[in-house]
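Colleague: Please take a close look at one part of this model for me: the ligand site and what surrounds it.

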Amino acid sequence: MNNHSEAETSGHNPVHSDTNTIPGWNEELELAFSAYKGSYTPGRVTSRHKTVCEVLVPGAVVQAGISGALQKIGKQPVVGDFVVLLDQPELGSRMIVNILPRRTYLSRGAAGNGGGEQVIAANLDTIFIVTSVGKDLNLRRLERYLTIVYSSGARPVILLNKIDLEDNPARLVEKIQFIAGNVPVIPLSALSKTGLDTLSPYLNPGETVALIGSSGVGKSTLINAFLGETVQRTSGIREDDEKGRHTTTVRQMFPLPNGAVLIDNPGIREIQLGDSADGLEKAFSEIVDAARNCKFKDCTHRDEPGCTVLKAVEDGLIPEERLASYHRLTDELIFQTKKAEIGLKRLEKERFKKIAVDIKKYKKFTGKP
Ligand SMILES: Nc1nc2c(ncn2[C@@H]2O[C@H](COP(=O)(O)OP(=O)(O)OP(=O)(O)O)[C@@H](O)[C@H]2O)c(=O)[nH]1
Ligand SMILES: [Zn+2]
């Protein structure tokens, strides 16, 4: 993984004494970083732009370019990444030369040979799935978010915001809990600051938390509530990039006083279902459990004989909507994976062929011409 030709420069490493000021830094990272001798600094990417990143290094936030070698092999640093910086004092600049191993990562698009996968953020411990009382509350959408979060490796926690507008939040929590399984469902109000302290178990020192959820559910309000009124989190910050130009950037990583960090990144906010097959299994564990006794190993639980999932639905043990969601998300995943693998054009052709076959079958079945 490490680029040894860059790492083997002789000399001692003068900087990495203060790595405990980089939130989330740990012994594993220390070990990975110890391969670098010379003018290298560890850091954590706080926001990513086209060609430069803002990187938190001990005591400062600096701008850094991305080395040609990294770009060549298609490794792209993202917000949350722990990286190795090469200081180039003679040029007055810094360069990201490697990305340290990612513990978890959130991506969009399908993984695999198609190369459609795009990592959005890395090293997240927890993802707050934010929803609110009222019309945003949509169990099907929550199932989708749960699937995405499970596949990232981060821990999902559902926040039900705006309970100040609801007479009976407990009823809604119960409804959500039903589809969420063991995932905590936490009612709160970012506006009136009620219930915020229930989140402290997920905001331990060194932990990284990101927020996901539709527009208007209160993500910004929630982050502001955590950071306190004094922080102008949405204001642009003028900084010099490595070429001495002024760029206006918006911070995406917000350290809390206790050493936890919040990440608020547009890419995370807008994520769609991607390569989340194992996430789907976790988000629908009751269906996976019921499927263990299906007669056919490759049962799709649609119309096969001896399907124990269909039986569980019939017996009222699994709600019909849950199985419908499972089918919808499975179809979407299969379509996306295929799309990435063989290209959209061919797939569209296949779909039309299948539709034609289905119409033929249907006509035969109904006897209609
Ligand atoms: N009543 C009530 N309103 C809230 C609460 N939290 C947020 N709001 C309001 O909901 C609106 C949207 O809040 P934002 O924090 O901007 O929502 P967001 O999720 O960041 O939205 P985007 O930035 O569009 O993704 C604002 O008018 C907030 O004042 C809450 O707990 N109770
Ligand atoms: Zn089945």
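**The ligand shell and its sheet**

Modeller: First the backdrop: of the chain's 369 residues, 37% count as buried, where buried takes 20 or more other C-beta atoms within 10 Å of a residue's own, exposed means 12 or fewer, partly exposed is in between, and C-beta atoms are placed from the backbone. Bear in mind that this is a predicted model, with local features needing pLDDT of at least 70 and side-chain atom pairs counting only at pLDDT 80 or more, while totals for chains, interfaces and linings use all residues. Residues are numbered from 1 along each chain as its sequence is written, and chains are lettered from A and ligands numbered from 1 in the order in which they are written.

Now the site. The shell around ligand 1 holds 16 residues, and Leu-191, Ser-215, Gly-218, Ser-220 and Thr-221 come nearest; a residue is near if its C-beta atom, placed from the backbone, lies within 6 Å of the molecule. By class you get four nonpolar, eight polar and four charged residues. Here Ala, Val, Leu, Ile, Met, Phe, Trp, Tyr, Cys and Pro count as nonpolar, Asp, Glu, Lys and Arg as charged, and the rest, Gly among them, as polar.

The biggest giver to that shell is helix H6 (residues 219-227), with three residues. Helices here are DSSP runs of H or I with at least four residues, strands are runs of E with at least two, and both are numbered from the N terminus. The chain has 12 helices and 15 strands.

So what does H6 rest against? H6 lies across S8, S9, strand S11 (208-212), S14 and strand S15 (261-263), and runs at about 150° to S11. Contact means C-beta atoms, placed from the backbone, within 7 Å; axes are lines fitted to C-alpha atoms, for helices over the stretch in contact, and angles run from 0 to 180 degrees between N-to-C directions.

Those strands sit in an open sheet of six, ordered S10-S9-S8-S11-S15-S14, with mixed pairing. At the edges are strand S10 (185-187) and strand S14 (253-255), each pairing on one side only. On average, neighbouring strands of this sheet are turned by 25° against each other, direction ignored.

Zooming in on one pair, strand S8 (residues 126-132) and strand S9 (residues 155-161) run parallel over seven bridges, and two strands pair if DSSP finds at least two bridges between them. Ile-129 has Ile-158 in S9 as its bridge partner.

Definitions and conventions
Two residues are in contact if their C-beta atoms, placed from the backbone, lie within 7 Å.
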